[in-house]
2 protein chains.
Amino acid sequence: MTDKRDNANSGTGPVTQADVARFANVSTATVSRVLNGSSLVRPKVRETVEQAIAQLGYVPNEGARALARRRSNTLGAIIPTLNNAMFAAGMNAFEEEARQNGYGLFISVSNYDAAQESFLIRQMIERGVEGLLLVGNTRMDEARDLLQQSAMRHVCAWAYDPAAGAPNVGFDNAKAMYDLVDHVVDCGYRKIAMLAAMQAGNDRAQQRVQGVRARLAHHGLKLHAFAETRYSVQWAKKAVVRILSSGADAIICGNDVIAYGVLSSVKAKALTVPRDIAVVGFDDLPLSADLDPALTTVRVPAHQMGQRAALELLNAIEEDRDVRGYQLETHLVIRDSTMQL
Amino acid sequence: MTDKRDNANSGTGPVTQADVARFANVSTATVSRVLNGSSLVRPKVRETVEQAIAQLGYVPNEGARALARRRSNTLGAIIPTLNNAMFAAGMNAFEEEARQNGYGLFISVSNYDAAQESFLIRQMIERGVEGLLLVGNTRMDEARDLLQQSAMRHVCAWAYDPAAGAPNVGFDNAKAMYDLVDHVVDCGYRKIAMLAAMQAGNDRAQQRVQGVRARLAHHGLKLHAFAETRYSVQWAKKAVVRILSSGADAIICGNDVIAYGVLSSVKAKALTVPRDIAVVGFDDLPLSADLDPALTTVRVPAHQMGQRAALELLNAIEEDRDVRGYQLETHLVIRDSTMQL
DNA sequence: GTGAAAGCGCTAACAC
DNA sequence: GTGTTAGCGCTTTCAC
């Protein structure tokens, strides 16, 4: 590396475009042009400027650029938490897709708190993000107003509800459960219970419960037992106790993590899965295939969802139009925690 | 909600401070003052302005504010991936701490690619983040130069090496392994092997290997077998085969996910843990306590690390000084995958 | 207390 | 092709 803080810019603070212009003996407009790859710059001049930039170690100020262009080249994302492999995986893909298209990512977690989400939406607007990823379709009116008044382009991921009125990029949580219920019923289980994730303010959890109930009804059945639990193996272990004593012969879990807890409790009770009781999850975390027994579950395309969400946002921005939704498919993965009775 | 797009701001684009000023019949300076809670504004005037703001549905432009104040109120983070529960948990805590202090978070993933990390560091500087979280101490000279020339405040998390020359917020990966090795040796295992995470460009993985080797030497032992594997249960299952056929009686894994794969392969070989062979992990993922057998591992304070990293950055910014490091402690968690022989 | 004016670092017309 | 001139929307002296 060469030494920084050469001549020019004798003052304090970072090197600016003006410093470069002075040093290269051109106008700031020209510097700006080479920076933005304008073709109307003589090669000779371009080179001079580039040298000046290297010499001075100039780093453009993207904030100022954003202000002048009125484009931030930034996407935002507000998710409930990063402590959930599905959201984390989705965000990883979202960020990669955004970056590959020259966009940065501003991220916030709402802790499943609608008021907090509204607050964060406002901040995202203040920060000038050009597109926003939100999770689910349940939110405060205030949030909707904010989104609408600012004409903020956004996608609501992890759900797909044509009636939602917001562009969804995700899958139909209720419908995904149909496949699972059909499978369990086909296997011959009849005393089917469910241990769901907390439904309050979480439309994905609600939809899954509703999907199970609806499909069960379609088969002329109803939930043998029902309970909710927080998102953790430990909580699930406790929460399933009551269901177990109800004599259920199958337990549909709101997600894989809950299923892990259920599996653990079931084993502790000396019941064998899937002979005595079936256990199914939702998400298909990487680990689920390696459990003993391997978990029958629903594969959720988290990576694809994050990527798609970014793409929909980016295309809408690019083409200066409204965001379109995109429906993703889930896929039933039959493994060893269910069996043909 | 009241109707937006009232009178004033007849033009296009969002409502600006100037619109509010015009509407409230004051200067933009005054609007700015009420926005920033300046005490030198008459209550009466303040109220008028606040009403105008509400009326017009004005949302401040944080970008412009940042330009004028030369403070972005934004922190940045560049991590290898979000597809790792430890990083995700750390980022969750980092974001929360940042937000609680009025800072937003700009995030990027480098995919364990040093060149990519350098590129991203540059972007973070361009975006004007006031502090940056990086992972580990291994990076390109180019990255160091960038950091130094821009005088970017930063912390290198997930490691603690007093000799690193960069402010670390984390723990000593090598030393953490000492405890684990001591425990395994104390138990009576002697043919100790290691299945590490990929070391290339990953100083945390390297340190763990080195820690194991050093402590083994201290006990007059050496690695019975050694292999590396990618971060996934599946890869670990395959990678451990060779180690298993070496006749090792204990396997130290680079992290918990690897241990999961090892546990799975060991069982498939009809060996019983911990009687025939011990298996230990590193991280203490939430699931590790619920495995069968429950995994002996090292608890890594990911949440605390993220929070601390944010705090150190924030304090340094606040007090306008260099970032200080902070050493966190790991904790050996003895469970059922090791036993006194 | 409040307003006028001068920027923050950049881009985008518009001249030349 | 290149320079000049206005801003982008905000904060911040500095007068009054």
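Where in chain A does Asp320(A) lie? In this predicted model, Asp320(A) is placed in the loop between helix H12 (302-318) and strand E11 (326-327) of chain A, and the report returns to this residue under backbone geometry.

## Overall form of chain A

Chain A is made up of 12 helices and 12 strands, and its C-alpha trace spans about 85 × 45 × 30 Å along the principal axes. The radius of gyration of chain A is 26 Å, whereas a compact globule of 341 residues would have a value near 20 Å.

Of the 341 residues of chain A, 55% count as buried, and the accessible surface of the chain comes to about 14800 Å², with 49% of that area belonging to carbon and sulfur atoms. Among the contacts in chain A between residues at least 6 apart in sequence, 67% join residues that are at least 24 apart.

## Nonpolar cores

The largest nonpolar core has 162 residues, and the residues with the most contacts inside it are Phe94, Leu133 and Leu195, each named in chain A and in chain B. A second core, separate from this one, has 29 residues and includes Ile121(A), Leu147(A), Ile121(B) and Leu132(B).

Phe94(B) illustrates the surroundings of one such residue: when its neighbours within four places in sequence are left aside, its contacts include Leu75(B), Gly76(B), Ala77(B), Leu105(B) and Leu133(B). Further along the sequence, Phe94(B) is also in contact with Gly306(B), Gln307(B), Ala309(B), Ala310(B) and Leu313(B).

## Aromatic rings

The structure holds five aromatic pairs over all chains. In one of them the rings of Phe87(A) and Trp158(A) have their centres 4.8 Å apart and their planes at 65°, and because an angle over 60 degrees is required for that class, the pair counts as edge-to-face. The two residues are 71 apart in sequence, with Phe87(A) in helix H5 (residues 85-100) and Trp158(A) in the loop between strand E4 (154-157) and strand E5 (168-170) of chain A, and the pair thus links distant parts of the chain. Both Phe87(A) and Trp158(A) are buried.

A charged side chain is also found over a ring in each chain: Arg230(A) lies over the face of Trp235(A), at 4.3 Å from the ring centre, and Arg230(B) lies over the face of Trp235(B), likewise at 4.3 Å from the ring centre.

## Two buried sites

Ile243(A) is found in helix H10 (residues 233-245) of chain A, and because its relative accessibility is 1%, it counts as buried. Beyond its neighbours within four places in sequence, Ile243(A) is in contact with Ala193(A), Met194(A), Leu195(A), Ala225(A), Phe226(A), Ala227(A), Ala248(A) and Ile251(A). For one of these residues, Ala227(A), the C-alpha atom is separated from that of Ile243(A) by 7.4 Å, and the two are 16 residues apart along the chain.

Pro293(B), by contrast, belongs to a loop, the one between strand E9 (278-280) and strand E10 (297-299) of chain B. With a relative accessible area of 13%, Pro293(B) is buried, since the cut-off for that class is under 20%. Leaving aside neighbours within four places in sequence, Pro293(B) is in contact with Leu263(B), Lys267(B), Val273(B), Asp336(B) and Ser337(B), while its C-alpha atom is 13 Å from that of Gly261(B), a residue 32 places away in sequence.

## Backbone geometry

Most residues other than glycine have a negative phi, and most peptide bonds are trans. Against that background, a cis peptide bond joins Asp292(A) and Pro293(A), with omega about 0°, and Pro293(A) has its place in the loop between strand E9 (278-280) and strand E10 (297-299) of chain A. In chain B, a cis peptide bond joins Val273(B) and Pro274(B), with omega about 5°, and Pro274(B) is found in the loop between helix H11 (256-268) and E9 of that chain.

Asp320(A), the residue of the opening question, has a positive phi near 50° although it is not glycine, and with a relative accessible area of 60% it is exposed. Ala151(B) also has a positive phi, near 55°, and has its place in the loop between helix H7 (141-149) and strand E4 (154-157) of chain B. Because its relative accessibility is 60%, Ala151(B) counts as exposed.

Conventions: Residues numbered from 1 in each chain as written. Chains lettered and ligands numbered in written order. Predicted model: local features only at pLDDT ≥ 70, side-chain atom pairs only at ≥ 80, totals over all residues. Heavy atoms only, no water. Core = buried A, V, L, I, M, F, W, Y, C linked by side-chain atoms within 4.5 Å. Buried < 20%, exposed > 50% of the residue type's maximum accessible area, 1.4 Å probe, protein only. Contact = heavy atoms within 4.5 Å. Phe/Tyr/Trp six-rings, centres within 6.5 Å; stacked < 30°, edge-to-face > 60°. Helix = DSSP H or I, 4+ residues; strand = E, 2+ residues; numbered from the N terminus. Lys NZ or Arg CZ within 6 Å of the ring centre and 35° of its normal. Rg over C-alpha atoms; globule rule 2.2 N^0.38 Å. Areas by Shrake-Rupley, 256 points an atom, 1.4 Å probe, with all protein chains shown as cover.
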